[in-house]
Each structure stands twice: as C-alpha cells, then as structure tokens.
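User: Please take a close look at one part of this protein, the open sheet and the helices that pack on it, and describe how the pieces are arranged.

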Amino acid sequence: MEKFKLENGVTVVIAECASKEVSVSVTVNVGHVNEPKLGIAALYENVLMKQVSQVQTIYGGTITSFFTGCEEGELEATVSKLANLIKAPQLGADLIEAAAFDIVEHTRDLAPLAKRQMKLLYKHTAFAKKRVLWDSESYIKAVKSYKASDLKAFADKYYTGKNLVVVVAGRCVGKEQVTELVEKCFGSIPAGERQRVQKSIYTGGFSEIVSNGDYRQIMLGWDVTEIKGSSSANVMMSMLAKRLERSFNEIEDPDVPGKKIARPSDAQIEVKIAGYYGRRTLRISVTSSQFSTNEMLDIVCQNVYRLRYSEASDRRMETSKQWAMSEKLWLFSQPQPAAVETAWQLFGKGEMYDINDRINYIWNVSAHEVKMISREIFSAPLTMVLYTDEPHYSYEEVKNKIM
C-alpha cells in the first residue's frame, strides 16, 4: 500500500487487491453525525448521485464515500468522473427538489419498519450529545428547506482537498500512473480547512419503543473507538457471536443434568462494529418472537459476563481465531469495504494499519488478552435500546448483570 498527499491536501492511497477490476473511491469526512445542518449531508450526496451513473454511496456517520469500479483501460475516465463530481457539481433548483423528494419518500417508507426504527434509536441514544431525539417529520422539513446557496456553502467547507481521501486499488495499478492521474484530476480542488470530528460524542443510555405485536428486539452497545487491542477484540467478537448462537439454540437436557441439547430457535443474532466511522460501537442485536425480552437480555448478559471473568479453552481460542482471521481476510479482499476502512483509518487515526500485521497477530492473541479486552470494552457506558411490549429489566439491572 502506498500513501501520499497532493499539494492541496488530498490524501491518495494506492493499494493492491485481488479484484479483476480497478476500484476507485473518494471519501469526504462529513456525514449525518458531524453535518452542520440536519439532513444536509444526505441531500447533497443525493444531488450528486443524480449527476453520475454506476457510482455507489457508502455512509459512515462522519464520512461519506463514493465508490465505483472499472476496467484498467477506463481508469482515467473513471477518476475524472469522480473528480468532476467534487469540483463542478450541478446545483439547479429542479435537481435539488428531485433529490429532496427521493429522501422524503425513502424516509416515510422506512419510518414504520421496526428494524429501521431501532437502528435510528440506537444511534441517537448512543450519541445523545449530538442529537437526542429522532423526528422523521422534522428531518423531512429540514431537507425540503435547503436551497442551492446552502448546499454550496456546505460543499465549500467540507468537499475540499484536506477533507478528501482517494483510494485506487487493483492488481496492476502503478504508482506513477495513478499519481499523475490523480494530480491532474484532483489537484485543482481548493485545499480548504481540515474539518475534525468531535471526539466526545458517545454517551450511552436507554431508550425504548413500545411494540404492538409479538416481534421483540434488543440492542446493547459499547463505545470501542479508542480501543487499542483490535486483534484481541476481533477474536473476542467472533467468540461472542458463536457463543450467543449456541446459547439461543440449546436447552438443558431434562434427562441429563448439565447436558445441552439442540432446539430450533427463531432468534436472529448480530454482533458487529456498528454505525459511525469516526465513532464506533460494538453492538449486539437479538430479535425474536420466541424469547421474552428478559430471556434475551439474560442470555446476552450471561455471555458478556463469561467473557469478562473467565478465559476460553485452547479449542475455543483456536476456532475463534480462525473465524476472526477469515472475516478480516474477506473484508480486505473486497474493494468497497477495504476502501472505506482505509479512508476511515486515515481520517480517524491519521494512519492506516497494516492488514497483514493485524491478521498475523490474531494467531498470537491469548485467552488472557481476550478476557482483558472484554473487561475494557464492557466497562464502557452501556447503550440499551429495546423494542417490546413486556415488562423488562431496568437499565441499571442490565448493567449490574454484566459487571
């Protein structure tokens, strides 16, 4: 991986990847977490997307990435296409109105969906200092109010050289060729001022949506932005995901005390690094109509407690390392997530970690390191969001169950 900067501050990364195509991405360090006005980042992105084809947008809270792929012979045209999107966007009233209409329709279509509501509520509970409440109609009203002058001021502040990371990845991408091409296409963008993200925006907390049916969901989360032992955390997350899967699909054998037997379960379990590139949380989500809210909370808390206070067996460590390594290898073999991860690392931490070092160290992670990283992570303030119509444990009771 090669990294350099243009004179106007644009960071350029050249990376090798297994893809037959060359991938090109441009990432700007602004999103709905650090936007100056509610909804303006989404509106501007939507306006841009109406001016270009075969470009995908990836959102990350504090960054927005524009990603596309091409054959090697089309690299110059592709880089030029993305650069022109940044340098010379069209901001006509009809275009802005059409983009706002799309966002309004999308917001209203998704607003009633339980999983959508939960993800939004989780974000706005975990980062309550930024925006305490999510109100769809207020968001819609804000998006419909912006004019060309608002979008131009937004672009002039954020879509500038010092706030851009360009990643070009492919099997046979030459540094000299890319350097000349990116300088030609992106070198004239004004440098601007580097816009930094406020660090202390995670709060944790509790929120609840009262459901009107059998569907139940819990989300528990913890801030992991500043965690240093990433390889240990990767192994721990793989171990936790598999343990939760077993816990929700096993019961005690009524005929043999202490023995577990399999049982069908409708529980959908997710353990992931969620939401915001710039502020990251470890989020556990479980949905079920078979388990009560408290049963789901109990199972998750028992497994978190186990990670904090006991060391895994050699066999469990071996399988967890294999899962963690496979996940990392898959991530960085895919052009899109690799490009976005690279940009986030550069914006958030100023440098990109070496994926080979990270993967190699996974094999050296010990059971003790997994326990210690678990204690560090799960000692952070808890975010707890529930979708239920049942009586349930309080926020303090759940915190006490994992301490």
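Analyst: What follows is a description of the sheet, then of its helices, and finally of one residue in another strand.

The model is a predicted one, and in it six strands form an open sheet whose order is β1-β2-β6-β3-β5-β4, with mixed pairing. The edges are taken by β1 (residues 2-5) and β4 (residues 56-59), and because each of these has a single partner strand, one side of each is left without a neighbour in the sheet. On average, and with direction ignored, neighbouring strands of this sheet are turned by 20° against each other.

At the β1 edge, the partner is β2 (residues 11-15), which runs antiparallel to β1 and is joined to it by four bridges; within this pairing, F4 has V12 of β2 as its bridge partner. Helix α2 (residues 75-87) packs on the sheet, where it touches β3 (residues 22-28), β5 and β6 (residues 164-169), and its direction makes about 15° with that of β3. Helix α1 (residues 40-49), for its part, lies across β4 and β5 (residues 64-70), and it runs at about 20° to β5.

Turning to another strand, β7 (residues 205-210) contains S207, a residue that counts as buried because its relative accessibility is 17%, under the 20% cut-off. Leaving aside residues up to four places away in sequence, S207 touches L121, T125, M384, V385 and L386. With T125, the side chain of S207 also makes a polar contact, side chain to side chain, at 2.7 Å.

Notes. Residues are numbered from 1 along each chain as its sequence is written. This is a predicted model: local features need pLDDT of at least 70, side-chain atom pairs count only at pLDDT 80 or more; totals for chains, interfaces and linings use all residues. Side-chain values use heavy atoms; hydrogens and water are left out. Two strands pair if DSSP finds at least two bridges between them. Helices (H or I, at least four residues) and strands (E, at least two) are DSSP runs, numbered from the N terminus. Axes are lines fitted to C-alpha atoms, for helices over the stretch in contact, and angles run from 0 to 180 degrees between N-to-C directions. Contact means heavy atoms within 4.5 Å. Buried means under 20% relative accessible area, exposed over 50%, partly exposed in between (1.4 Å probe, protein chains only). A polar contact is a pair of N or O atoms within 3.5 Å; within protein, one must be able to donate a hydrogen and the other to accept it, and residues adjacent in sequence count only if both atoms are side-chain atoms.
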